[in-house]
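Visitor: I am new to this structure and would be grateful for a close look at a single part of it. Please choose one region, set it briefly within the whole, and describe it in detail.

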Amino acid sequence: MSETTAGYPRSVEARSMPRGGGWPWLAGFGGLGHARHRAPIRRWRTWLALICLVGLGIRLFYLVHWLHPVPVQGDPYYYHEAANLFADGRGWPDPYELRLSGHYVADAQHPPLTSVLLAIPSLFGFTSFLSHQIFSCLLGVGAIVLVALAGRRVAGPATGLVAAGLAAVYPGMWLNDPLVMSETTGILTCAWLILAACRFRDRRGRLDAAVLGLALAAVMLARAELALLAFVLVVPLIGLARGLAWRRRLGLLALATLTSVLAVVPWTIYNLTRFSEPEYLSTGLGTTLAVTHCPATYYGEHLGWWSFDCVLALPPAPSERSERDVFYRHEAMTYLRAHSDRLPVVAAARLGRTWGVFHPWQQVRLDAIELRPIGLSRLGMVTLWAVEVAAAAGVVVLVRRRQAVLPLVAVPIALSLATVIVYGTTRFRAAAEPALVLLAAVAITAAAQALHRRARPGCAVPAYPTSSPDSPALEPASSMASDRRSGKRTPNVAELTDS
């Protein structure tokens, strides 16, 4: 005799099993949010806290043993100095120009969120590069928490803890943290966006739409190219929401858009008042295109990557940053149109570099220019392949369960589109790592359940170990039907601890 919960079959005998789908260490993690379930919630939080401590320990060990002391140069210098300048109330100049010539030159080479976050410890007097490295590691731990919350909402508390464990130890999630790069902020904000998208999918309220728009704004202020997520994720997620009238969908979409615009517009207005050409998020697109569209990156050993030779071959650029951006964009597009026949090959090479399947060991060596230890980069490449296979299996699991996969695949899709436009490199993949980890966690927990069922064939086990946010596990069918008729839905453990 069987019933269904949220469209998935489950055996009535499963009611007699411990919560957690027959996994003793997860007993109590699934179910309703009444007082008797406060202990399981505390246990889940305790496990998560322990995982976060492990993740922090790994990041700090990596920092101390590989990256301290380290030369402060390139993008890390930019983010570090921009944070201190911002904390001192000096606005947003070019840190390099200020150091070399003493001239204050307005700049927006990178979106502001990374330096704004790093300015938090600077405001309290922690202005050294080491302080910013440690704070960046703490941001990485914040990403672990968001990944855990998203995993719990996608497939239950067990999946949330597995995802948190992967986020704590998987090199793709921590290799960038002590480097002080925007990739850490990208990982953090994309994890938040995925969580916000999953919450909207389950609740579809005004507040959820507003939070989704705010998370999108945070992503754009961390990595400008990920503005593509507005069209890859937010618009289809809200516009195609089932069970809602079109007027309701349009209203929620307008609310998400308004929230996102309000969060971004102060930075945009600031840029429009200090540059001669319109700049909305960053003046860095032209520079990026200039170093990625030339013979050195369309042919030869650096196919699909970037090269300073591209810029050296160009006429001198204007010194004003927005004019320089326009100049470099024009030069890059001119070369692109003249060599459009190479675009399919170049695009494939860029995607391959980003996803670790085109000259992976060469890419590991190239990554050393950003001070990534080669040995750890090799470890990251090998573990990436394993995570990618598990993530693909996770997509299959979710499709078979008839669960929405868009919140988890949108970031990899948008990232791939951005890679095709600019260039391929390991650091670009960072923003998609939370999605890969979450999908891998879904596959791992599903595999563990399958092994458990095979080991105990006489014991019925639910389709997955814990309830989803919309499926109160182990609740009598009559009670569930009554709640549906009355329009009520009993809160579960995921919702009670999502604050």
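Guide: Of the 499 residues in the protein chain, 57% count as buried. The model is a predicted one. Its secondary structure comes to 22 helices and 2 strands. Among the contacts in the chain with a separation of 6 or more, 72% are between residues 24 or more positions apart.

The part chosen here is the stretch that begins with helix α15 and runs on to α20, together with the helices that meet it. Helix α15 comprises residues 321-338. At 1.5 Å a residue, its 18 residues should span 26 Å, and the C-alpha atoms at its two ends are indeed 26 Å apart, so the expected and modelled values agree. Several residues of α15 are buried, namely R321, S322, D325, F327, Y328, A332, Y335 and L336. These buried residues pack against five other helices: α3 (95-101), α12 (285-290), α13 (295-298), α14 (309-312) and α16 (343-354).

Two residues of α15 show contrasting surroundings. R321, which lies in this helix, counts as buried because its relative accessibility is 7%, under the 20% cut-off. Apart from its neighbours within four places in sequence, R321 is in contact with D94, E97, V105, A106, D107, F275 and T283. V326 also has its place in α15, but its relative accessibility is 35%, and it therefore counts as partly exposed. The C-alpha atom of V326 is separated by 8.9 Å from that of L285, although the two residues are 41 apart along the chain.

Further along is helix α17, residues 360-367, which is mostly covered, with 6 of its 8 residues buried. Those residues are P360, Q362, Q363, V364, L366 and D367. The elements that cover them include α16 and α18.

Helix α18 has a second partner to consider. Two packed helices are described by the angle between their axes and the distance between the axes. The axes of α18 (residues 374-400) and α20 (residues 433-455) come within 7 Å and cross at roughly 70°. An angle of that kind falls in the range from 65 to 115 degrees, which means that α18 is roughly perpendicular to α20. Their crossing is left-handed. On the side of α18, the residues involved are L384, V387, A390, A391, A393, G394, V395, V397 and L398, and they meet L436, V437, L439, A440, V442, A443 and A446 in α20. Sorted by class, this contact contains 15 nonpolar residues, 1 polar residue and no charged residues.

Between α18 and α19 there is a loop, and R402 is found in it. Most residues other than glycine have a negative phi. R402 departs from that pattern, for its phi is near 60°, a positive value in a residue other than glycine. With a relative accessibility of 77%, over the 50% cut-off, R402 counts as exposed.

Next comes helix α19, residues 406-421, which packs with α10 (residues 229-239) at an angle of about 155°, the axes being 8 Å apart. Because angles over 145 degrees count as roughly antiparallel, α10 is placed in that category relative to α19. The two helices cross in a right-handed sense. From α10, L229, V232, L233, P236 and L237 meet L406, P407, A410, V411, I413, A414 and L417 of α19. The contact of α10 with α19 comprises 12 nonpolar residues, with no polar and no charged ones.

Helix α8, residues 182-203, also packs with α19, here at an angle of about 145° and with axes 9 Å apart. This crossing, too, is right-handed. C190, I194, A197 and C198 in α8 meet P407, L408 and V411 in α19. The contact of α8 with α19 has 7 nonpolar residues and, again, no polar or charged ones. P407 and V411 are thus named on the α19 side of the contact with α10 and of the contact with α8.

The loop that leads from α7 (171-174) to α8 holds V180. Phi of V180 is near 60°, a positive value in a residue other than glycine. V180 has a relative accessible area of 1% and is therefore buried, whereas R402 is exposed.

Notes: Residues are numbered from 1 along each chain as its sequence is written. This is a predicted model: local features need pLDDT of at least 70, side-chain atom pairs count only at pLDDT 80 or more; totals for chains, interfaces and linings use all residues. Side-chain values use heavy atoms; hydrogens and water are left out. Axes are lines fitted to C-alpha atoms, for helices over the stretch in contact, and angles run from 0 to 180 degrees between N-to-C directions. Helices (H or I, at least four residues) and strands (E, at least two) are DSSP runs, numbered from the N terminus. Angles under 35 degrees count as roughly parallel, over 145 as roughly antiparallel, 65 to 115 as roughly perpendicular and the rest as oblique. A crossing is left-handed if the near helix is turned anticlockwise from the far one by less than a right angle, and right-handed if clockwise. Contact means heavy atoms within 4.5 Å. Ala, Val, Leu, Ile, Met, Phe, Trp, Tyr, Cys and Pro count as nonpolar, Asp, Glu, Lys and Arg as charged, and the others, Gly among them, as polar. Buried means under 20% relative accessible area, exposed over 50%, partly exposed in between (1.4 Å probe, protein chains only). The expected span of a helix is 1.5 Å times one less than its number of residues.
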